[in-house]
Amino acid sequence: MADYDIPALPDYPEIPPIKRDVMAHSQPYIAAPEHQEALGFPGELVDDWHDKALTKFAELLKESRALQVFMDSCVKCGACTDKCHYFLGTGDPKNMPVARQDLMRKVYRKHFTWTGKWLPWLVGAEDLTQEVLDDWYSYFHQCSQCRRCSVFCPYGIDTAEFSMAAREIMDHIGKGQKYCNEIIGKVHKIGNNLGLPEKALANTLEGLEEDIEEETGVAVRLPLDVEGAEILLITPSADFFAEPHVDSLIGYAKVFHQAGVSWTISSYASEAANFAMFIGAGEQMKMVAERVRKAAIDLGVRRIIVGECGHAWRVAYNFWNTLVGPFDFLDPDYPVPQHICEFTWDLIERGELTLDKSANDHMTLTFHDSCNVARASSMGDKPGGQFEIPRNIIKACCNNFVDMAADTIRESTFCCGGGGGLLTDDLMEIRAKGAMPRMQALNEVAKSEGVTHMAAICAICKTQFAKVMPEYGFEMDSIVGVHQLVSSAIVLDGQRTEDEETATASAAE
Amino acid sequence: MSYMYNGTEIAADEEGYITEISLWNKDLAELIAQDENIDMSDDHWEVVNFLRNYYEEYQIAPAVRVLTKAIKKSLGPEKGNSKYLYELFPYGPAKQACKIAGLPKPTGCI
């Protein structure tokens, strides 16, 4: 199906030869006027886009100390050049983090520094021409804002800040990206990225309750809009819709059931994702986050728990409080907000869950650290909890677990290739190529340790891997959710044993 | 882009999803399927018809699990799984089948 070459998987990581401009053609679909205008952006490219872009650029430099410092502090040491998965997968030098930054930095120098204004040739300063704008649109949509490069930069320069700012500028001159902007509009209008209305959500949840009862004999509920529930679950809408995501949703439901807590999903805030972060739009980000706060207050819950969604956890953990806080109406005895992995691990540590590891014996697992969880958040009360807690849960649910190479996991984890608003079919080539470094590391442990499955706690990662893994010779269902593993291993009170299941099945026949 | 059907032009978005749902009919579906290199069998139609009925009631395509359950009921357990649906619609039952059914593309992390 692909009309591009999938990179071969080398036995060990290799730095590819330079292939100049080989990905210059990669551009996502432009947002239609109705998608733009719904977010308050101009419908199409405005006539005076050059001046408008510079005005916005100046505003952003004033608002963000980080952006200003990052513009000035690069010393061209080269440490980042071979750290981006998109560079490693394509060989296009503009996918080196420093080169991506320089697409913006050269315009910054031209218009916002003395030397760039008067001696542009000396400092590589350049005006924002049509050609440069095209490069921006192309290469700032080949950055998944995963921030791996920033870990290796001696100054901690964060390329994600550049790509968020560049997208924000482009939105303001009418050159937005269809995928992100259409989706943010749906959240405002319907309450989630999918556009899943309340009636469909209720129907889907009822169907899942039937499935669980059929499978286990236990009536596990997936409650919707229950006022006075203890916990509000905020999870990506892909959990209601896609595979393998839905199996993790079933996992959360079983854990809540077994813990004996009351919980609810909200049809008003039926989405954890906040794509406004990807386009750097602070006001939009606030509006999307506000829905969660309102749902929590309206339903009168005491706790908020976030499901398996990488960037949502970054937004929740880092930004909710400053965007729409304080959350002083929630129970301070629990983390505000809490990650579903923290909740489940706490129960496991206290011996509250019965887990039958043998249920996952047909798999040898590894864990893919999702970028936003790994590099932009934490879990639990110890440093590195965001790495340990998901692994601890997997090990509590599975007998066979192996980590991938050390420089490809934890804070050095490679992006799945589909993050930061790139998870769209029109960017399939860059997604497939950008997955190469992760696939290389996975292939290594598949060969040496017999790893069969990879677990993740992010809806984007799950969808991206289900899509690109077959291109690298893995089955599409070899990507699983952490709570999918919990769901298989957990033994509910009153759950039918295997013998009873066989008996029920033969009786039904 | 657009489809030429019976001498009229039916508008579609960049990815080939028709923009006016009410203009859909079975012949147009065959035309869209051709573009997707899919030869519509009775099983394909079973899926497409289910999607359209579900959409009419719920204003969205069904979740994958809802779809597999329905197909299990109508075509039997050996076909009621996502593997079989991917055989029918290699680019994904949710997206490709929606396109042929004339429904909007589901968006998000799917």
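# Notebook: strands, helices and contacts in a two-chain model

**Entry 1, strand β1 of chain A.** I began with strand β1 (residues 231-234) of chain A, where A:Ile231 and A:Leu233 point one way and A:Leu232 and A:Ile234 the other way. All four of these residues are buried. I noted the general rule beside this: side chains in a regular strand alternate between the two faces of the sheet. A reminder to myself that I am looking at a predicted model.

Next I looked up the partners of this strand. β1(A) pairs in the parallel sense with strand β2 (residues 263-265) of chain A, over three bridges. Across that pairing, A:Leu232 has A:Thr264 as its bridge partner in β2(A). β1(A) also runs parallel to strand β3 (residues 303-306) of chain A, and four bridges join the two. Here I found A:Ile231 opposite A:Arg303 of β3(A).

**Entry 2, helix α17 of chain A.** How many of the ten residues of helix α17 (residues 340-349) of chain A are buried? I get seven, so the helix is largely enclosed by the rest of the structure. The buried ones are A:Ile340, A:Cys341, A:Glu342, A:Phe343, A:Thr344, A:Trp345 and A:Ile348. I checked what lies over them, and the cover includes β3 of chain A, the strand I had just met in Entry 1. Also among the covering elements are α14 (245-259), β4 (338-339), α19 (385-397) and α23 (482-489) of chain A. After α17(A) comes A:Gly351, with a positive phi near 70°.

**Entry 3, helix α11 of chain A.** I tried the length of this helix first. The 13 residues of α11(A) should span 18 Å at 1.5 Å a residue, and the end C-alpha atoms are 17 Å apart, so the two agree. Then burial: α11(A) is mostly covered, with eleven of its 13 residues buried. The buried set runs A:Lys178, A:Tyr179, A:Cys180, A:Asn181, A:Glu182, A:Ile183, A:Ile184, A:Gly185, A:Lys186, A:Val187 and A:Ile190. I see α1 (33-37) and α15 (282-299) of chain A among the elements that cover these residues. A:Gly191 follows α11(A) and has a positive phi, near 110°.

**Entry 4, domains of chain A.** The domain assignment gives chain A a domain 1 (33-176) and a domain 2 (183-402 + 451-489). Taken over C-alpha atoms, the centres of the two domains are 32 Å apart. Where they touch, domain 1 of chain A puts in 13 residues and domain 2 of chain A eleven. On the domain 1 side, α9 (148-152) and α10 (159-172) of chain A each supply at least two residues. α10(A) gives the most to that side, with five residues. By class, I count six nonpolar, two polar and five charged residues on the domain 1 side.

**Entry 5, where chain A touches chain B.** How many residues does each chain give to this contact? Chain A gives 29 and chain B gives 17. On the chain A side, the elements with two or more residues are α11 (178-190), α12 (198-216), α13 (238-241) and α22 (459-468). That brings back α11(A), the mostly covered helix of Entry 3. The largest share of the chain A side is five residues, from α12(A). I sorted the chain A side by class and got 17 nonpolar, seven polar and five charged residues.

**Entry 6, chain B.** I listed five helices and two strands for chain B. Along the sequence the pattern reads β-β-α-α-α-α-α. Strand β1 (residues 2-5) and strand β2 (residues 8-11) of chain B run antiparallel and are joined by four bridges. In that pairing, B:Met4 stands opposite B:Glu9 of β2(B). The hairpin has two residues between its strands, and B:Asn6 takes a positive phi near 55°.

Then the overall shape. Is chain B compact or extended? I used the radius of gyration: a compact globule of 110 residues would come near 13 Å, and chain B has 13 Å, which agrees. The C-alpha trace of chain B spans about 40 × 25 × 25 Å along its principal axes. Buried residues account for 35% of the 110 residues in chain B. Last lookup: of the contacts in chain B between residues at least 6 apart in sequence, 49% join residues at least 24 apart.

Notes: Residues numbered from 1 in each chain as written. Chains lettered and ligands numbered in written order. Predicted model: local features only at pLDDT ≥ 70, side-chain atom pairs only at ≥ 80, totals over all residues. Contact = placed C-beta atoms within 7 Å. Nonpolar A, V, L, I, M, F, W, Y, C, P; charged D, E, K, R; others polar. Domains from an automatic or database assignment. Rg over C-alpha atoms; globule rule 2.2 N^0.38 Å. Buried ≥ 20, exposed ≤ 12 C-beta atoms within 10 Å, placed from the backbone. Expected span 1.5 Å × (residues − 1). Pairing = 2+ DSSP bridges.
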